[in-house]
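Me: Could you zoom in on one part of this model for me, and then work outwards from there? I'd like the geometry spelled out, with the cut-offs behind each term.

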Amino acid sequence: MRRVLQAFIMVITISAQAFSVSHAFEFKGFADTSLTKSTKDADSDRYRNGSFAFGAVDLYFAESLDEVELLSELIVTTTGSINAERLYLGYVFSDQLKLRVGRFHTPLGFWNTSYHHGKQLQPTILRPEALRFEFEGGIFPAHSVGAWVTGRSRTSAGLLEYGIQVANGPKIVLSGSNKVLNPNNTSDNNIGKAVSFNAAICPVMIEDLKVGVSGHFSRVKDDTATPPLMADVNQEIYVAAFTYSPGNVNLAGEYFNIGNRAESDKNYNSSAYFGLITYNLTEKWVPYILYDKMLINESDPYFQTLNTKDVTKTTLGVRYNISYMSSLKGEVRAVKRDNKDWNEFALQWAIAF
């Protein structure tokens, strides 16, 4: 599988170089470094000890050749490996109809498709708990591999955005001693395809408001040989989301309902949500507060396999924009995970280049 992926990356890179001979070629990168210190009851030794860390290096390539789009986002991880986080070819029929084929972010809510891997882009140091990436213990596939038809259209009611995606169903794999989700990059381990949809509107009656709904339906298989093995689960995820930016204030919120049906036809429901308020005090200083919560059904075999627990987290932070390309963020967090609670203090310096 790794050889196929490397070959695909090589083809994309050669194509990008060929395109760049006669067309503007966009190349950008992102990097960050951070310090995190937790109080004694935290569930991570490294944070209890207080740890400096450098993040992954994000290399972003994009090119447009008339109607053809090419995008590649490669991550050089802290262990030196290279992962293709986004890699797709697209064809723009019109603003109302675009086709993309490859690997992209699953269109669930707004955050997952608005903020990618570069920390400089997102307002906070961490993503909300429900939106953590697969390798971080995420609760649904943040990435998908397949085909995505999307577009937008201006109507008398407002600007409409829409899309539908057909992709490989996710699977569960081992990452060290933990079981995590994987989007199935080069094959599918069951005949059922994952289907996602998204729809949103920016209504003309309320300026700066955007509301949307989205969903994801898939069959998840435990692809490890490590007991206890989870029987296949049919999963349905529904999301409601909004953003609203009156004046200097920016409000955002998303609600997730996750339904898993086991082979016994027993249904399990869990939920998660977050709310974010940022205030542009000046162009440089942006204080914010993020509240996020996950309420997990402990009997759900899917979450038992991923070892997901209830989480409540309140984050108070401030962002200082050194420039358009660089920022410092400082945060204080109150965290409760399962039956433990603790505080964290974190600093991050993020750049784009």
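The part I'm after is strand E18, residues 326–337, and the rest can follow from it.

Reply: Happy to. Bear in mind that this is a predicted model, so local features need pLDDT of at least 70 and side-chain atom pairs count only at pLDDT 80 or more, whereas totals for chains, interfaces and linings use all residues. Residues are numbered from 1 along each chain as its sequence is written, and side-chain values use heavy atoms, with hydrogens and water left out.

Let's start with leucine 328, which sits in strand E18 (strands, E, are DSSP runs of at least two residues and helices, H or I, of at least four, numbered from the N terminus). Its relative accessible area of 37% makes leucine 328 partly exposed (buried is under 20%, exposed over 50%, partly exposed in between, with a 1.4 Å probe and protein chains only). Leu328 also belongs to a nonpolar surface patch of about 610 Å², together with Phe25, Phe27, Ile322, Trp349, Ile351 and Phe353. A patch takes residues with over 30% relative accessible area and no salt bridge, joining like charges within 9 Å and nonpolar side chains (Val, Leu, Ile, Met, Phe, Trp, Tyr) within 5 Å; the areas are Shrake-Rupley values with a 1.4 Å probe, and for residues only the protein chains shown count as cover.

Further along E18 there's arginine 333, and its side chain meets that of glutamate 344 in a salt bridge, 2.8 Å from N to O (that is, a side-chain nitrogen of Lys or Arg within 4 Å of a carboxyl oxygen of Asp or Glu). The pair links distant parts of the chain, with glutamate 344 in strand E19 (residues 340–352) and arginine 333 in E18, 11 residues apart. Both ends are tucked away: glutamate 344 is buried at a relative accessible area of 7%, and arginine 333 is buried at 4%. Elsewhere, salt bridges with shared partners join Glu129, Arg132, Lys313 and Arg337 into one network.

Arg333 also brings us to the cavities. How many cavities of 30 Å³ or more does a search of the whole structure find? There are 2, where a cavity is a set of points on a 1 Å grid over the protein atoms alone at which a 1.4 Å probe fits but cannot get out, and lining residues have an atom within 4 Å of a point. The largest cavity holds about 50 Å³ of space (grid points are joined across faces, edges and corners, and the volume is the space filled by probe spheres set on them). Its lining is Thr124, Leu126, Arg127, Pro128, Leu290, Asp292, Lys313, Thr315, Glu331 and Arg333. E18 supplies at least two of those lining residues, as do strand E16 (285–295) and strand E17 (311–323). By class, the lining has 3 nonpolar, 2 polar and 5 charged residues (Ala, Val, Leu, Ile, Met, Phe, Trp, Tyr, Cys and Pro count as nonpolar, Asp, Glu, Lys and Arg as charged, the others, Gly among them, as polar). Lys313 thus turns up both in this lining and in the salt-bridge network.

The second largest cavity, at about 30 Å³, has a lining with no charged residues, just 5 nonpolar and 4 polar ones. Among its lining residues are Pro141, His143, Ala167 and His216.

Moving out from E18, the structure holds 14 salt bridges. One of them joins glutamate 161 and lysine 210, with the closest N and O atoms 2.9 Å apart. Glutamate 161 is in strand E8 (residues 158–167) and lysine 210 in strand E12 (residues 209–222), so the pair ties together parts 49 residues apart in sequence. Glutamate 161 is partly exposed at 24% relative accessibility, whereas lysine 210 is buried at 18%. E12 also carries aspartate 222, which pairs with lysine 179 of strand E10 (residues 178–182), 43 residues apart. Their closest N and O atoms are 3.0 Å apart, and both residues are buried.

Back in E8, leucine 159 is buried at 14% relative accessibility. Its C-alpha atom is 5.1 Å from that of cysteine 202, 43 residues apart along the chain.

A few backbone oddities to finish. Proline 227 and proline 228 are joined by a cis peptide bond, with omega about 0°; proline 228 lies in the loop between E12 and strand E13 (233–244). Aspartate 66 isn't a glycine, yet has a positive phi of about 55°, in the loop between strand E3 (57–65) and strand E4 (68–76), where it is exposed at 64%.

Key: On a 1 Å grid over the protein atoms alone, a cavity is a set of points where a 1.4 Å probe fits but cannot get out, and a pocket is an open set with protein on both sides within 12 Å along at least five of seven lines; lining residues have an atom within 4 Å of a point.
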